[in-house]
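User: Hi! I am new to reading protein models and would like a close look at one part of this one. Could you walk me through it step by step?

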Amino acid sequence: MKLKEISREELFRSSYGCAGCAAVLAVRLTLKVLGRNCVCVVPANCISTVSCYYPQTPFFVPMTVMAFAATGAALSGISAGFRRRGREDISVVGFSGDGGTADIGIQSLSGAIDGGYKFIYICYDNEAYMNTGIQRSGLTPYGATTTTTPAPCFETESKKDMLRIVAAHDIPYAATACTSYPLDFMQKVARANRVNGPTYIHVLAPCPTGWGFAPDRAIELGRMAVESGFWRLVELENGKLRTTHKPSRRRSVAEYFAAQTRFRQLSPEQIEEIQRNIDRRQAAGQAFSATG
Amino acid sequence: MSTRTPARKYITANEAVACAARLARVEVIAAYPITPQTTIVEKLASFIARGEMDADFIKVESEHSALTACMGARMAGVRAFTSTSSQGLEYMHEMLAYVSGGRYPLVLVNVCRSVALPWSIWGDQQDAIQQRDTGWIQIFTETGQEAMDMVLQAYRIAEDHRILLPVMICLDGFIQSHTEELVEIPDQESVDSFLPPYDPVVTLDVDNPHTISMGGFGKHYAAWRREQQAAAEKAGEVIVEVGDEFARVFGRHYGGLIEPYRCEGAEAVILLMGALTGTAREVVDEMRADGQAVGLIKVRAFRPFPVQSLRQALSLVKAAAVLDRDCSWGYGGALATDLKAALYSLPNPPAMLNFIGGLGGADVSPEQMKYMLDKALAAKKGAPSSMEFIDL
Ligand SMILES: Cc1ncc(C[n+]2csc(CCOP(=O)(O)OP(=O)(O)O)c2C)c(N)n1
Ligand code: SF4
């Protein structure tokens, strides 16, 4: 995919998202790839909260809001319905947050992958329950403060590795991405869209409000996450894992942490420990995506 | 009436409703096993496996997902079916309200069973009653035949553009689900003439994109809810209408929202829902033969609650004995308490005797029913209402 091939049509516009919200960007970019022949499912999260209040909607393709835990099953049901109607050409896509994916919706996601219907499940990961006011989720990284892991404490569990979890289902296609690498992300959406089965894309979406950085820095923060090795851009197709982007420069985790407020309470020693963990995992080729 | 001869077979109510789903040309099924519903799911799976039914069976990991997937199929414009019991229905709770609020005309068969704790796989109606306020039309049936016929009618009622509400057909665990009886299975052509293909009002349509289920504030929210209430009330008329038309095509009529039995001149009436009605009928016959002025009202529709029919049927009765296989803890049996509300402002309402019984699969014998009616006969109009657990 080349820059000039990207559609100029905006199928998600004018939401109430915070200034600089990368989750909103993830939806916008996805719909640029899928175009008008797609339908969207959005459970309770920031995206549904900043969009779908009658009589306004930022979605220019059909969409429905969904119960928090139910994204996977809704995708299966809609996809089955379209199959019955001979409309398997329609892309069925879900936009679920990290909480909706890794916590309350993990059972439904697992069941849906197992069910085998064609859909694209996009987990946009802002690393906490942002919609309800920045509470920790199973994808909040070790060391971050949230309103339920408040300073002087911090999140003491590491981030669940969702890619490994979906990989364990023998999913035909899964990938990680980051909104700061739009071409890489969009290419993955396009690839997922070609698969006749369940697919999963986990896109890191920096959140100015929840992470504590200025709204004009969301792209920079995403780049720092990848350049520090905190997040990796990979793709898993038919069981084969491939890195899709190797950062040309390495930054330290300390630099990434310093650019936001949520890691402020970590001591230099604790940050060094996290750095060592990342280095060790990278050297061992361990963990598809997660760190911490 | 159809001139073709329908098949007659000894089958359970579970098999009968599975046949009904097939005859209704359901295209998507998503269900999860639980006793005593399981044989419905198994039957449907085997219909599909043997090529006797053309439908997608979505494999799901829970009832929450089963109902969600059915709602999804409806969003794509396809007729869907699910079925559950007890813990499964409880597990669906969140989605039950989603489906009704979203006005998705789904049909669900609930095979009524107790809910834990105390744990029991046996029958009562606590599961269905606990979902009373989720916005579903709830209809209780007495036999396998009625359960089958009501599934066919349920699609007509739910999909009627004046209604667009989901329908829960309830049948009693074991008494119906696992008991074989002679059931007349209508032929496909007659069913097709009675039940046209699903004609959805709104779908996820890429050529006409809409946000089809969304949020709303204040007045908008209230306006949708008022429409939902209006549709639920209207459903009372449509249930009767569809029942009458069903009788014209298939020759079987169940009496609409309630079925009064031998209520002419009755001083005391027993009211109940579901399969125990059969026993009550016999008790009423016996007591009538003894010259006692007793009758029976089988309540078929629990939501919408048949307020007018019940007020009419009970206006001259001295006392009502209400048998509930459920309880709204801290108040009383759900049928009894709703009935009391319905009779409020009747100039001279009957005395109300609430009997909670048949819990956790306990048998309610003819003697117990006679006891209830005897007590009702002895009660005086204007007496304070009573409540009694009869299983002990
Ligand atoms: C069953 C249920 N429990 C809790 C909630 C409240 N709730 C709504 S959104 C949300 C958090 C969403 O978090 P996430 O999925 O990470 O998305 P984000 O808000 O970060 O976009 C919660 C807890 C709910 N809607 N439903
Ligand atoms: S809280 Fe974060 S994810 Fe939610 S809308 Fe604001 S910036 Fe976006």
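How many residues of domain 1 of chain B are in contact with residues of domain 2 of chain B? Please also take me through some details of chain B.

Analyst: Happy to help! Keep in mind that this is a predicted model. In it, 27 residues of domain 1 of chain B are in contact with 25 residues of domain 2 of chain B. The domain assignment places domain 1 at residues 7-250 and domain 2 at residues 258-389 of chain B. Taken over C-alpha atoms, the centres of these two domains are 28 Å apart.

Now let us step inside domain 1, which covers residues 7-250 of chain B. A good place to start is B:Ala158, a residue of helix α7, which runs over residues 144-159 of chain B. Is B:Ala158 buried or exposed? Its relative accessibility is 0%, and buried means under 20%, so B:Ala158 counts as buried. Which residues does B:Ala158 touch, once its neighbours within four places in sequence are left aside? The contacts are B:Pro105, B:Leu106, B:Ile163, B:Leu164, B:Leu165 and B:Val167. Take B:Pro105 from that list: B:Pro105 and B:Ala158 are 53 residues apart in sequence, yet their C-alpha atoms are 4.7 Å apart in space.

Next, have a look at the backbone. Most residues other than glycine have a negative phi, and most peptide bonds are trans. With that in mind, find B:Arg103 in the loop between α5 (93-101) and β5 of chain B. B:Arg103 is not a glycine, but its phi is positive, at about 60°.

Follow the chain onward to the loop between β5 (107-112) and α6 (126-129), where B:Leu117 lies. B:Pro118 has its place in that loop between β5 and α6 too. The bond joining B:Ala116 and B:Leu117 is a cis peptide bond, with omega about -15°. The peptide bond from B:Leu117 to B:Pro118 is also cis, and its omega is near -5°.

Finally, cross over to domain 2, which spans residues 258-389 of chain B. Here B:Arg262 sits in the loop between β10 (258-261) and β11 (268-272). Phi of B:Arg262 is near 50°, a positive value in a residue other than glycine. What is the relative accessible area of B:Arg262? The value is 32%, and partly exposed means between 20% and 50%, so B:Arg262 is partly exposed.

Definitions and conventions
Residues are numbered from 1 along each chain as its sequence is written. Chains are lettered from A and ligands numbered from 1 in the order in which they are written. This is a predicted model: local features need pLDDT of at least 70, side-chain atom pairs count only at pLDDT 80 or more; totals for chains, interfaces and linings use all residues. Side-chain values use heavy atoms; hydrogens and water are left out. Domain bounds come from an automatic or database domain assignment. Contact means heavy atoms within 4.5 Å. Helices (H or I, at least four residues) and strands (E, at least two) are DSSP runs, numbered from the N terminus. Buried means under 20% relative accessible area, exposed over 50%, partly exposed in between (1.4 Å probe, protein chains only).
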